[in-house]
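Ready for a few hands-on exercises? Each one gives you a task, then walks through a solution step by step.

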Amino acid sequence: MNKENSNEEIDLMQVFGLVKNAFRKLLKGVVSLVSFFIKKAILLIILVVVGAVSGYFIDKNKGTTDGYMHEVIIEPKYRSVKYIYDFVEDLDENFKEGFFFKKAGIDQSVINNLVGVRIEPLIKGNDVLEYVERHYDQKEFFEDAMEAYEEGKLEDNKFKDFYKHHKLVFVFGNASKETSKIIDYTLEFLKSNAYYKKKINLVITQNQENLEREKRTLNFVNEYLDNLSKNPIREKNEVIIYRNTKDEIPTAVASLLQQKKTLIESINKRERAIELDNEIISIVDYGESISVKKRLIYRFIVILPIVLVGLALLVFLVRYVSREVLNFVNEEQ
C-alpha cells in the first residue's frame, strides 16, 4: 500500500510539474510578446500614422462615397405596376444615350452624373393578402398567396403588382441641385401616359356621377328616417312596418340603416378616389439625396494602416522563425 501511495504521489508531482512548466512557458511567451510590442511601439505607431495619412489622401482623391442616392416612394394606381417597372428598367439600360432626358432640355453634364435608376417594392405581407381579398374571389388563389406568405416567398416578382408602395431609386455620381430635373421629368413623364390619362378621366367622371347619385339617395334616406322618428304614429293607409322580434328594430328601418351605412362607405370611397387617384402614381415621399458611404473596411484610411502593420509583423515573425530554426540546427550539431 505504501508503495502504491508513493507512486501516486510521484505521478501527481509529475503532473503538477508539467502544468507548472506549461504555465511558465505561457507566461514567458506573454511577457515576451508584450515586451516585443513595447520595443516596437514607436515603429508600429509610425506605420499606423503613415498609413492613415496616406489612406486619407487616397480617399480624398478617389472620393469616399459610391455616389448619391435619391429615393422616391410612389404608389402606382390603376394596375400600372408592370408599365412603371418596364419603363424604369428600359430607362436604366438606355439613359446613357441621353435621348430621353435631352428632350426635356436637360444638360448632358447632368445626364452623365446619373449612374443608374431602379425600382423595387416595399415588401409588406399584408399588402398581398389585402389585394387578393379585394380583387379575387377564388379561394385556391388566396390559399396560394397565404402559403407564399408563410414560406417567405414574397420577394418573388409575381407579387410586385400587389404591393401598395414602391421605391424609385436614382443614383448619382455627385451631389447637385440639377439632379432634381431628372427626377421631376421622369415622374412627370410617367404621369403623362395617354392611355392611363384617358382611363383615369373616365373613372373619375364615373365616380363623380355616382357620387352625386349616392349623395341624393343618402339625403332621401336621412329625410325619411328623420320624418319617421318625428311621426311614429301610423296613418290608416300607411304600410305596416313589422318588427323583428330578435333585435326589436323594425325590419324596414333596419334595412334603411344598413343602406345608409353602405352609402356612406361608398361615398367616402369615391371621394378618396377622386381626390387621391387622379394620377397614375401618387408621390408618397419625394425624399432627398443622401450620400452612399463605402463600407468602413474598404476605405484606405483604415485598410492601409492594417496592411502596413500586418506586413511589419509578418517580417518580424519570419525573422523570429528563421532564428529559432538556426538555433535548433546548431544545437543538434
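**Exercise 1.** Work out whether Tyr78 is buried or exposed, then do likewise for Arg79.

*Solution.* Keep in mind that you're looking at a predicted model.

Step 1: Tyr78 has a relative accessibility of 17%. Buried means under 20%, so Tyr78 counts as buried.

Step 2: Find where Tyr78 sits. Look in the loop that runs between strand E1 (65-76) and helix H3 (81-94).

Step 3: Now take Arg79, which is in the loop between E1 and H3. Its relative accessibility is 57%. The cut-off for exposed is over 50%, so Arg79 counts as exposed.

Step 4: Check the backbone too. Tyr78 isn't a glycine, yet its phi is positive, near 55°. Arg79, not a glycine either, has a positive phi of about 55°.

**Exercise 2.** Find the helix that holds Lys191, decide how covered this lysine is, and list what it touches beyond its sequence neighbours.

*Solution.* Step 1: Go to helix H8, residues 179-191, and you'll find Lys191 there.

Step 2: With 17% relative accessibility, Lys191 falls under the 20% cut-off and so counts as buried.

Step 3: Leave out residues up to four places away in sequence, and Lys191 touches Lys197, Glu279, Ile280, Ile281 and Ile283.

**Exercise 3.** Describe the second largest pocket: how much space does it hold, and which elements line it?

*Solution.* Step 1: Start with the volume, which comes to about 570 Å³.

Step 2: Count the lining, and you get 15 residues. Nearest the pocket's centre are Ser32, Leu33, Phe36, Tyr320 and Arg323.

Step 3: Sort the lining by element. Helix H1 (2-39) and H11 are the elements giving two or more residues. H1 supplies the largest share, with eight residues.

**Exercise 4.** Tyr320 turned up among the pocket residues just now. What else can you say about where it is placed and how accessible it is?

*Solution.* Step 1: Place Tyr320 in helix H11, which covers residues 300-332.

Step 2: Its relative accessibility is 43%. That value lies between the 20% and 50% cut-offs, so Tyr320 counts as partly exposed.

Step 3: Look at the surface around Tyr320. It helps make a nonpolar patch of about 770 Å², together with Ile303, Val307, Leu311, Leu314, Leu317, Val318, Val321 and Val325.

Step 4: Put the pieces together. Tyr320 takes part in the nonpolar surface patch and also lies among the residues nearest the centre of the second largest pocket.

Notes
Residues are numbered from 1 along each chain as its sequence is written. This is a predicted model: local features need pLDDT of at least 70, side-chain atom pairs count only at pLDDT 80 or more; totals for chains, interfaces and linings use all residues. Side-chain values use heavy atoms; hydrogens and water are left out. Patches are made of residues with over 30% relative accessible area and no salt bridge: like charges are joined within 9 Å, nonpolar side chains (Val, Leu, Ile, Met, Phe, Trp, Tyr) within 5 Å. Accessible areas come from the Shrake-Rupley method with a 1.4 Å probe; for residues, only the protein chains shown count as cover. A salt bridge is a side-chain nitrogen of Lys or Arg within 4 Å of a carboxyl oxygen of Asp or Glu. Helices (H or I, at least four residues) and strands (E, at least two) are DSSP runs, numbered from the N terminus. Buried means under 20% relative accessible area, exposed over 50%, partly exposed in between (1.4 Å probe, protein chains only). Contact means heavy atoms within 4.5 Å. On a 1 Å grid over the protein atoms alone, a cavity is a set of points where a 1.4 Å probe fits but cannot get out, and a pocket is an open set with protein on both sides within 12 Å along at least five of seven lines; lining residues have an atom within 4 Å of a point. Grid points are joined across faces, edges and corners, and a volume is the space filled by probe spheres set on the points.
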